[in-house]
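Thanks for coming, everyone. I'll take you through one structure, piece by piece. Have a look at it first.

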Amino acid sequence: MTEDIPSDHPRHDSLVTRHRIEAGVDAGITSRQGLIAEGRGEAFDYLLGEETIPSADDAERAAAAQLLLAEHPVLSVNGNAAALVPEELVELAETVGADLEVNLFKRTPARMEAIADHLQAHGAPDVKGLDADERIPGIDHERARVDADGIYDADVVLVPLEDGDRAEALAEMGKVEIVIDLNPLSRSPRTAAIPVIDNIIRAIPNITAHARSLESAERDELEAIVADFDAERALHEAEERIRTGAGQEQ
Ligand code: ATP
């Protein structure tokens with residue numbers, strides 16, 4: 001149980017994360033593949049120092065500016081995201097005026113509904129994804145299914161822990177993609193306009209905090225923040241941190 005982990009335990013956050021994913025699996029929200037994804041994520045997070053590195057903070061600020069500039073932003077939610085940060089996703093959606101859409105790699109009606117219910121129990125007024133009345137071109141299976149008035153119509157999409165194929169297909173549709181992923185070498189963040197190389201647990205609340213502080217900014221200022229963001233550099237700096245520990249406090 002999460003409450004049993006002492007708060008001064010050196011791996012406290014990582015253990016809490018693991019327990020939330022386990023609970024997500026038990027509740028029918030997270031898939032068994034989600035457990036494997038969690039393991040991969042933990043390894044990268046360990047190497048990143050389990051903190052938001054400065055280039056990730058820049059990416060989170062750019063993500064906030066991009067979401068505020070969007071005409072129709074959508075936050076895509078999978079089983080891991082729903083288990084780890086349901087309330088935080090609802091808060092971000094509220095802050096930037098985005099829709100929440102459940103979008104699963106392995107789609108089953110039971111899991112779609114469990115996630116939608118879970119988000120609603122955490123305060124989401126409306127959750128998309130259940131209609132699934134449109135398709136992302138170029139993707140053949142169930143993974144292609146999205147809501148016509150959700151991701152299909154969006155100009156900016158935030159996709160946490162997305163698979164590489166779908167990330168590429170969304171980019172080809174002309175969507176501006178913000179991808180949260182702890183692995184800077186993975187295809188999805190490499191496809192993104194804004195790759196956020198950080199744990200979703202830290203990334204979502206930090207994007208919300210940036211969005212709140214930018215709420216009254218002019219469009220020009222928001223556009224400049226997005227234009228100044230360098231995706232290549234962000235990926236490079238995360239990889240550097242992982243390979244060399246550069247910039248890590250000892
Ligand atoms: P690739 O894009 O390289 O083909 P994949 O999408 O098939 O990889 P998965 O095994 O599905 O890889 O892993 C999902 C991704 O999610 C991994 O890159 C992992 O680092 C990332 N991930 C897992 N947990 C988190 C988390 N809490 N926050 C951010 N990213 C995470």
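Ala132 sits in the loop between helix H6, residues 109-121, and strand E3, residues 134-135. Keep in mind that this is a predicted model. Ala132 has a positive phi, about 50 degrees, and it is not a glycine. Why mention that? Most residues other than glycine have a negative phi. Ala132 is also buried, because its relative accessible area is 9% and the limit for buried is under 20%.

There is another residue of this kind. Glu50 is not a glycine, and its phi is positive too, near 50 degrees. Glu50 belongs to the loop between H2 and H3. Is Glu50 buried or partly exposed? Its relative accessible area is 25%, so Glu50 counts as partly exposed.

One more loop residue. Ala98 lies between helix H5, residues 86-96, and strand E2, residues 99-102. Ala98 is buried, at 12% relative accessible area. Setting aside neighbours within four places in sequence, Ala98 touches Pro73, Val74, Leu75 and Ala93. Now look across to Gly150. Gly150 and Ala98 are 52 residues apart along the chain, and their C-alpha atoms are separated by 9.7 Å.

On to the pockets. How much space lies in the largest pocket? About 1,100 Å³. The lining has 48 residues. Nearest the centre are Ala37, Glu38, Asn78, Asn80 and Leu161. By class, the lining divides into 14 nonpolar, 17 polar and 17 charged residues.

Which elements build that lining? Those that supply at least two residues each are helix H1 (12-26), helix H2 (32-48), helix H4 (79-84), strand E5 (156-160), helix H7 (164-172), helix H8 (187-191) and helix H9 (200-214). H2 gives the most, with ten residues.

Let's stop at Asn80, one of the residues nearest the centre of the largest pocket. Asn80 is in helix H4. Its relative accessible area is 5%, so Asn80 counts as buried. The Asn80 side chain reaches the backbone oxygen of Gly34 at 3.0 Å. Beyond neighbours within four places in sequence, Asn80 is in contact with Ile21, Thr30, Gly34, Ala37, Glu38 and Leu161. Ala37, Glu38 and Leu161 are also among the residues nearest the pocket centre.

Now the annotation. An unreviewed UniProt entry places the feature "binding site" at Arg18, Arg40, Asp181, Leu182, Asn183, Arg187, Ser188, Asn199 and Ile200. Do they gather at one spot, or are they spread out? They span 183 residues in sequence, and the farthest two C-alpha atoms are 24.0 Å apart, so they do not all gather at one spot. Of these residues, the lining of the largest pocket includes Arg40, Asp181, Leu182, Asn183, Arg187, Ser188, Asn199 and Ile200.

I'll zoom in on two of the annotated residues. Start with Arg18, in helix H1. Arg18 has 36% relative accessibility, so it counts as partly exposed. What does Arg18 contact, leaving aside neighbours within four places in sequence? Two glutamates: Glu38 and Glu42. Glu38 we have met already, nearest the pocket centre along with Asn80 and others.

Next is Ser188. Ser188 lies in helix H8. Ser188 is buried, because its relative accessible area is 1%. Which backbone oxygen does the Ser188 side chain reach? That of Glu162, at 2.8 Å. Leaving aside neighbours within four places in sequence, the contacts of Ser188 are Glu162, Asp163, Gly164, Ala167, Val179 and Asp181. Asp181 is itself on the UniProt list.

Last, the second largest pocket. Its volume is about 200 Å³. The residues lining it are Ser55, Asp58, Arg61, Ala62, Ile225, Asp228, Phe229, Asp230, Arg233, Ala234 and Glu237. Sorted by class, that makes four nonpolar, one polar and six charged residues.

Three helices supply at least two lining residues each: H3 (54-69), H10 (219-228) and H11 (231-244). Which gives the largest share? H3, with four residues.

To recap the pockets: about 1,100 Å³ of space in the largest, and about 200 Å³ in the second largest. H2 gives the most to the lining of the largest pocket, and H3 has the largest share in the second. That's all from me.

How values were computed:
Residues numbered from 1 in each chain as written. Predicted model: local features only at pLDDT ≥ 70, side-chain atom pairs only at ≥ 80, totals over all residues. Heavy atoms only, no water. 1 Å grid on protein atoms, 1.4 Å probe; cavity = no way out; pocket = protein on both sides within 12 Å on 5 of 7 lines; lining within 4 Å. Points joined across faces, edges and corners; volume = space filled by probe spheres on them. Nonpolar A, V, L, I, M, F, W, Y, C, P; charged D, E, K, R; others polar. UniProt positions renumbered as here; feature names shortened; annotations may be inferred. Buried < 20%, exposed > 50% of the residue type's maximum accessible area, 1.4 Å probe, protein only. Contact = heavy atoms within 4.5 Å. Polar contact = N/O pair within 3.5 Å; in protein donor to acceptor, adjacent residues only side chain to side chain.
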